[in-house]
Amino acid sequence: MSNQETSFVTLGQRVLSNPLKVRMHYGHPDVFDRIFHITRGGISKASRIINISEDIFAGFNSTLRQGNITHHEYIQVGKGRDVGLNQIALFEGKVAGGNGEQVLSRDIYRLGQLFDFFRMLSFYVTTVGFYFCTMLTVLTVYIFLYGKTYLALSGVGESIQNRADIQGNKALSVALNTQFLFQIGVFTAIPMILGFILEEGVLTAFVSFITMQFQLCSVFFTFSLGTRTHYFGRTILHGGAKYRATGRGFVVRHIKFAENYRLYSRSHFVKGLEVALLLVIFLAYGFNNSGAIGYILLSISSWFMALSWLFAPYVFNPSGFEWQKVVEDFRDWTNWLFYRGGIGVKGEESWEAWWDEELAHIHTFRGRILETILSLRFFIFQYGVVYHMHAAKESTTLSVCLCFSTVLLADMKFTDK
């Protein structure tokens, strides 16, 4: 993370300022022309939710009023930054949520209307575009795996492959056996590597990169990919970005399991388990001409992403596998689980209170509709249970699926009561 900062606050800021002219006050300290700003709407914005990334909105204000944000370098010094995984995740979540609010704001719309085409592209890539492309990367993995799962459970994949073999249609066969080889999350390290090459030379940069691979930097980058995607996507769907206090304390300490669970459950653990389940189902029911090698090539990057999301908080946790710490963590976690919520009880004290806080963003009717639409993807699993596993014998009518859905919903309602 500190190496990333080096590339961002030197190479990145220079290019954003000149020649791109799209620097919008990234990072502190900021020096403002007070007379210019107080006569053009002031420095701060009104909303602590929409304008949570307050410095960039000051830059938007200035640019919209024909101002300019420059970058001046005097001396390079070390700056205190977040160095613990939890601190970094909170910081990434805050910035990703802030970018989600920027997407929804009028300022971005007005800048897009006023910039020329090339400056607008530069602005997009260096602000909300980075987070949007990160979200698309994860969505692509989901769409790819759900598509493969549907082909496996429905039997369509096998029939298409057999038809391609009979007709000798190589193009169809290749399209069906497309390999998803690359984990794009690691590519976010490229600016850092270029910074190393510029500062220290190609050989030193290569050695540093290899060293970081042994330090599991790829796991960290892939984990950060999930953090950015979750908070950015949730803010776009539901709004409500929050300021998350990261602190600058001493971080080489053991983080309790309950704390990790609260922080990463919705953003990483649930999604990682879903990806792993999709991969296991495809392994069990998928049709693959290439055998084990083909499955490994097809799924290795997705498995890497799923395992990174599930286990990175424990790999990077000091004394994470020490037995005494594990026992203490389990006791603390069970106390948290069984402590009842109520008025004045915080999420750090009770699972019930934490769950209410986690679902606070979908208390609106619009939020519930959006979450319901997203959850419809799980009907693919039901499709497999009803038809592929012959739970309905030979019947393949839609009414069978609807009947199963009604029973499932009734059972959920009864359990809830």
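Where does proline 19 lie? Proline 19 sits in the loop between H1 and H2, and the peptide bond leading into it from asparagine 18 is cis, with omega near 20°. The model is a predicted one, so to speak of local features takes a pLDDT of at least 70, side-chain atom pairs count only at pLDDT 80 or more, and totals for chains, interfaces and linings use all residues. Residues are numbered from 1 along each chain as its sequence is written, and side-chain values use heavy atoms, with hydrogens and water left out.

On to the overall picture. The chain has 19 helices and zero strands, where helices (H or I, at least four residues) and strands (E, at least two) are DSSP runs numbered from the N terminus. Of its 417 residues, 41% are buried; buried means under 20% relative accessible area, exposed means over 50%, and partly exposed is in between (1.4 Å probe, protein chains only). The accessible surface comes to about 24400 Å², and 65% of that belongs to carbon and sulfur atoms; areas come from the Shrake-Rupley method with a 1.4 Å probe, and for residues only the protein chains shown count as cover. Taking contacts (heavy atoms within 4.5 Å) between residues at least 6 apart in sequence, 76% join residues at least 24 apart.

Helix H1 comes next. With 16 residues at 1.5 Å a residue, H1 should span 22 Å, and its end C-alpha atoms are indeed 22 Å apart; the expected span is 1.5 Å times one less than the number of residues. H1 also has a kink of about 30°, centred on phenylalanine 8, the bend at a residue being the angle between axes fitted to the seven residues ending there and the seven starting there. Buried residues in H1 are Gln4, Glu5, Ser7, Thr10, Gln13, Leu16 and Ser17, and the buried residues of this helix pack against H6 (117-126), H10 and H12. Serine 17 belongs to H1, which covers residues 2-17, and counts as buried because its relative accessibility is 8%. Leaving out residues up to four places away in sequence, serine 17 touches Arg23, Ile69, Thr70 and His71.

Helix H3 (residues 54-64) is mostly covered, with 10 of its 11 residues buried. Among the buried ones are Ile56, Phe57, Phe60 and Leu64. The cover over the buried residues of H3 includes H2 (34-38), H4, H5 (106-114) and H6. After H3 comes glutamine 66, in the loop between H3 and H4. Phi of glutamine 66 is near 70°, a positive value in a residue other than glycine, and at 72% relative accessibility this residue counts as exposed. Serine 319 has a positive phi too, near 55°; serine 319 is placed in the loop between H14 and H15 (323-338) and is partly exposed, with a relative accessible area of 36%. For context, most residues other than glycine have a negative phi, and most peptide bonds are trans.

Then there is the packing. A nonpolar core is a set of buried Ala, Val, Leu, Ile, Met, Phe, Trp, Tyr and Cys residues joined through side-chain atoms within 4.5 Å. The largest such core holds 46 residues, of which Leu145, Met192, Phe221, Phe223, Tyr264 and Val275 touch the most other members. Elements giving two or more residues to this core include H4 (85-104), H7 (128-154), H10 (190-200) and H13 (257-285), and the largest share, 10 residues, comes from H7. A second, separate core has 14 residues, including Val22, Ile69, Ile108 and Val128.

Leucine 145 touches Val275, Leu278, Leu279 and Ser302, not counting residues up to four places away in sequence. Isoleucine 281, found in H13, is 136 residues from leucine 145 along the chain, and their C-alpha atoms are separated by 9.9 Å. Isoleucine 281 is buried, with a relative accessible area of 14%, and touches Thr149, Leu153, Gly286 and Phe381, again not counting residues up to four places away in sequence.

Last, the cysteines. The disulfide count comes to zero, a disulfide being a pair of cysteine sulfur atoms within 2.5 Å. Cysteine 133 is partly exposed at 40% relative accessibility, whereas cysteine 217 is buried, with a relative accessible area of 10%.
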